[in-house]
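User: I would like to learn how to read cavities, pockets and a helix in a model. Please start with the cavities.

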Amino acid sequence: MTGDDAAVLDDPVGESLRGHHAHLARRIGRAATYLPDVSTFAAVPTDPDATDWSDLARLLGRDAFADLFSSPATPPSDWEPVFVLEGRQMIWSGGGAPAAATHAAADGTHIVELGAADVPDMLDLVARTKPGPLWPRTRELGTYLGVREHGRLVAMAGERLRPPGWTEISAVSTAPEARDRGHATRLVTELAARVLSRNERPFLHAAEANTGAIALYERLGFTLRKRVTFRGYRTP
């Protein structure tokens, strides 16, 4: 895959909403966002004008949260900043597909696919581990996998943004009591293998301060594509 093929990763939210996730999108004009309870990510064109920002404000509503993710576009001055977080965008550079991790681990746990009935447990795990936002319908973005111990969900990872030719691995989380058992490695490896098997390429994002996660991803074959700034605003 060439550098030009990766250009869609400069606008992963917009590319996803216009393509693979179009059925989960709301839009006015050139502004778009996900359906409620799927994601708060919103997108404007890479060259937004005043009409685009007005359309996004209408789409979201007054005093609403606009998560612009890694978009470098700056909204009008009456949009209130909510957060700024430095991060990294990392892409798979490990060559061929890694060995799938569907086999049982040494502790007897198995990787399972998570469905609608698992959403309460998924939301609970995210609340305890804070890997990033997860909503009741986020799992509709792609496949989510988990590990259960004695019936309790203790680790999870899933597919999120889907720009053409790529799938983002996200929501990588492990409960404190289940860490250092290789769950995150197994889940990310399994998801990467599935993405590669459909001739797409995995990518992911990590907060710059999350050095432990970055080190894990580097060991698994991900490399830095570029540094990004995650930003959120409140509409006027």
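User: Into which classes does the lining of the second largest cavity divide?

Analyst: A cavity is a set of points on a 1 Å grid over the protein atoms alone where a 1.4 Å probe fits but cannot get out, and lining residues have an atom within 4 Å of a point. Ala, Val, Leu, Ile, Met, Phe, Trp, Tyr, Cys and Pro count as nonpolar, Asp, Glu, Lys and Arg as charged, and the others, Gly among them, as polar. Here the lining has five nonpolar, three polar and one charged residues. Among the lining residues are Phe-41, Trp-135 and Arg-160. The model is predicted: local features need pLDDT of at least 70 and side-chain atom pairs pLDDT 80 or more, while totals for chains, interfaces and linings use all residues. Residues are numbered from 1 along each chain as its sequence is written, and side-chain values use heavy atoms, leaving out hydrogens and water.

User: What volume does the second largest cavity have, and what volume the largest?

Analyst: A volume is the space filled by probe spheres set on the points, with grid points joined across faces, edges and corners. The second largest cavity comes to about 40 Å³, and the largest cavity to about 60 Å³. The count is two cavities of 30 Å³ or more. Lining the largest cavity are residues including Asp-10, Asp-11, Phe-69 and Ser-71. Elements giving two or more residues to this lining are α1 (12-18), β3 (42-43) and β4; helices (H or I, at least four residues) and strands (E, at least two) are DSSP runs numbered from the N terminus.

User: Which residues lie nearest the centre of the largest pocket?

Analyst: A pocket is an open set of points with protein on both sides within 12 Å along at least five of seven lines. In this model the largest pocket has a volume of about 1000 Å³. Of its 36 lining residues, Pro-131, Val-172, Asn-210, Ala-213 and Tyr-217 lie nearest the centre. Strand β9 (166-174) and helix α4 are among the elements that give two or more residues to the lining, and β9 gives the largest share, seven residues. By class, the lining has 17 nonpolar, eleven polar and eight charged residues.

User: Why is α4 described as largely enclosed?

Analyst: Buried means under 20% relative accessible area, exposed over 50%, and partly exposed in between, with a 1.4 Å probe and protein chains only. Twelve of the 15 residues of α4 are buried, so α4 is largely enclosed by the rest of the structure. Arg-186 and Glu-190 are among the buried residues.

User: How does the span of α4 (residues 183-197) compare with the expected value?

Analyst: The expected span is 1.5 Å times one less than the number of residues. For the 15 residues of α4 that gives 21 Å, and the end C-alpha atoms are 21 Å apart, which agrees. After α4 comes Asn-199, with a positive phi near 60 degrees.
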